[in-house]
Amino acid sequence: MSEAPLRVGMFGGTFDPVHLGHLRSAVEISECLHLDKLHMIPAPQPPLRGQPQISAQDRLALLEAGVKDTPGLIADGRELRRQGPSYSTLTLAELREEYGDTARLVMVLGQDAFLRLANWHQPEQLFALAHVVVMARPGYQPDRSAALKELIGLREVDSVASMMEEPKGKLLALTLPTPMGISATHIRQRLAEHSSVRYLLPEAVEEQIHARQLYTF
Ligand code: ATP
């Protein structure tokens, strides 16, 4: 009997800094989709937003401290080794090459990022390489623009099982068990005004931020 295909997730972001909204979502989405691995990948040059406040190396170091030895989660610095804008299509193409044609490859993103998906670089190509799973995020409505509806077309499915019948090309919207209204913007604001960020991010991440005086300029 042949083995079940690997299930691999890609969760990209600015992670400026990584927080418990990212990490709890990563754990819950991994469980919900039965992922074998979830690559968490910081973007050195996010194409659709301003320059992050700290360097990509520092954001990766915080992500590594946050993920630590959580089973199945990988703090993956691959985009730091590439030149140019951090297009997700390039990263998915690399992962597809590594894991092969039958692997179930899933790009995971939050509702805010998903609403802008039609503006991404080569958005159709994302579906040619992977499934897309969108997680509800407190404060963001599920309203989709005409361009986003056109991009999605007939790709949407309503269960993990039907998505996982195929290696790529489907869209699934999910509400995870513990939606969290934490954002990196809020954490940066609090750090800038020397307010507490305790329990918004892992202790190891908080310690590193304070020890290295990140985000306080
Ligand atoms: P910022 O406030 O700087 O925009 P952020 O908190 O939104 O940052 P990002 O690194 O931009 O974090 O997000 C990376 C990915 O994680 C995106 O797909 C985003 O939607 C998702 N995400 C971030 N925070 C949450 C959260 N609390 N719950 C679910 N998804 C989240």
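**Close-up views of a predicted model**

**View 1. Aspartate 36 in its loop.** With 16 C-beta neighbours inside 10 Å, aspartate 36 counts as partly exposed in this predicted model, because that class lies between the exposed limit of 12 or fewer and the buried limit of 20 or more. Look for aspartate 36 in the loop that joins helix 1 to strand 2 (37-42). Leaving aside residues up to four places away in sequence, aspartate 36 touches Leu6, Arg7 and Val8. Alanine 161 is 125 residues from aspartate 36 in sequence, and their C-alpha atoms are 15 Å apart.

**View 2. The open sheet.** Here six strands, paired in parallel, follow the order 3-2-1-4-5-6. Strand 3 (73-75) and strand 6 (171-174) stand at the edges with a single partner strand each, so one side of each has no neighbour in the sheet. On average, and ignoring direction, neighbouring strands are turned by 25° against each other.

**View 3. Strands 5 and 6, with two helices.** Four bridges link strand 5 (residues 131-135) and strand 6 in the parallel sense, and valine 133 stands opposite leucine 172 in strand 6. Helix 1 packs on the sheet, and its direction makes about 160° with that of strand 1 (7-13). Helix 3 (residues 88-99) lies across strand 1, strand 2 and strand 4, and it runs at about 160° to strand 1.

**View 4. The shell around the ligand.** Of the 18 residues here, Gly13, Gly21, Gly110, Ala184 and Thr185 come nearest. Two or more residues each come from helix 1 (20-33), strand 4 (104-110), helix 4 (111-114) and helix 8 (184-192). Helix 1 gives the largest share, three residues. Sorted by class, the shell has seven nonpolar, eight polar and three charged residues.

Terms used. Residues numbered from 1 in each chain as written. Predicted model: local features only at pLDDT ≥ 70, side-chain atom pairs only at ≥ 80, totals over all residues. Near = placed C-beta within 6 Å. Nonpolar A, V, L, I, M, F, W, Y, C, P; charged D, E, K, R; others polar. Contact = placed C-beta atoms within 7 Å. Pairing = 2+ DSSP bridges. Axes fitted to C-alpha atoms, helices over the stretch in contact; angles between N-to-C directions.
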